[in-house]
Amino acid sequence: MTTDEDVRRIACSLPEVTEKPWFGTPGFRVKDKGFLRIRSEAEGGLVVFVPDLDDKEALLASDSDVFFTTPHYDGYPTVLVHLDKVDLDLLTELITDSWRIKAPKRVLQAYEAGLSD
């Protein structure tokens, strides 16, 4: 089981990330591009970006306990994640991948160069 604090710790460990409210809930941006949002208690879960709709469908089909969507997100490459059902390793991968999708090329290249050092 993961928490909002796990999300915050993982997101803020990535380069150029700031936390800024997004639709009245905690949101995370890379160079002012939103890449992650913690939904309200009533809505539940976490919003992450995925590369495309095929990836979204694959995640939704892979584990309905962890991944879900609502009609609001139909047609968008985003997936919702139940924080109380996702493990820390998968959460880290989802957040990092969402960050990679939205990070400017310069920021992404610097990050990936640091990984290979």
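User: How far apart, in helical turns, are R8 and E5 in helix α1?
Analyst: First, a word on what you're looking at: this is a predicted model, where local features need pLDDT of at least 70, side-chain atom pairs count only at pLDDT 80 or more, and totals for chains, interfaces and linings use all residues. Residues are numbered from 1 along each chain as its sequence is written, and side-chain values use heavy atoms, with hydrogens and water left out. Helices (H or I, at least four residues) and strands (E, at least two) are DSSP runs, numbered from the N terminus. R8 and E5 sit three residues apart in helix α1, and that puts between them about one helical turn.

User: What is the N to O distance in the salt bridge of R8 and E5?
Analyst: A salt bridge here is a side-chain nitrogen of Lys or Arg within 4 Å of a carboxyl oxygen of Asp or Glu. The side chains of R8 and E5 meet in one, with N to O at 2.8 Å.

User: Which residue of strand β1 forms a salt bridge with R8?
Analyst: In this salt bridge with R8, the partner is E19 and the closest N and O atoms are 2.8 Å apart. R8 lies in helix α1 and E19 in strand β1, so the pair ties together parts that are eleven residues apart in sequence. E5, R8 and E19 are linked in a network of salt bridges. The β1 residue you're after is E19.

User: Which residue does K31 meet in a salt bridge?
Analyst: The N to O distance for this K31 pair is 3.6 Å. The pair links distant parts of the chain, 15 residues apart: K31 is in the loop between β2 and β3, and its partner is in the loop between α1 and β1. Both ends are partly exposed (buried is under 20% relative accessible area, exposed over 50%, partly exposed in between, with a 1.4 Å probe and protein chains only), K31 at 43% and its partner at 40%. That partner is E16.

User: Which residue in the hairpin of β2 and β3 takes a positive phi?
Analyst: Strands pair if DSSP finds at least two bridges between them. Four bridges join β2 (residues 27–30) to β3 (residues 33–38), and these strands run antiparallel; F28 has L36 as its bridge partner, and G27 has R37. Their hairpin has two residues between the strands, and the positive phi, near 50°, belongs to K31.

User: Which strands stand at the edges of the sheet?
Analyst: The sheet is open, with six strands in the order β1-β2-β3-β4-β6-β5 and antiparallel pairing. Each edge strand has a single partner, so one side of it is left without a neighbour in the sheet. The edges are β1 (17–19) and β5 (67–68).

User: At about what angle does helix α1 run to β3?
Analyst: Axes are lines fitted to C-alpha atoms, for helices over the stretch in contact, and angles run from 0 to 180 degrees between N-to-C directions. Helix α1 (residues 4–12) lies across β1, β2, β3 and β4 (46–49). It runs to β3 at about 160°.

User: Within what arc do the buried residues of α1 fall?
Analyst: The buried residues are D6, V7, I10 and A11. Seen down the helix axis, with the arc taken from the directions from the axis to the C-beta atoms, they line one face of α1 because they fall within 120°.

User: Which helix gives the largest share of the largest nonpolar core?
Analyst: A nonpolar core is a set of buried Ala, Val, Leu, Ile, Met, Phe, Trp, Tyr and Cys residues joined through side-chain atoms within 4.5 Å. Of the 27 residues in the largest one, V7, F35, L36, L46, I95 and W99 touch the most other members. Its largest share, four residues, comes from α3.

User: Which residues is P104 in contact with, leaving aside its neighbours within four places in sequence?
Analyst: P104 is found in the loop between α3 and α4, and it is partly exposed at 26% relative accessible area. Contact means heavy atoms within 4.5 Å. With those sequence neighbours set aside, P104 is in contact with V30 and K31.
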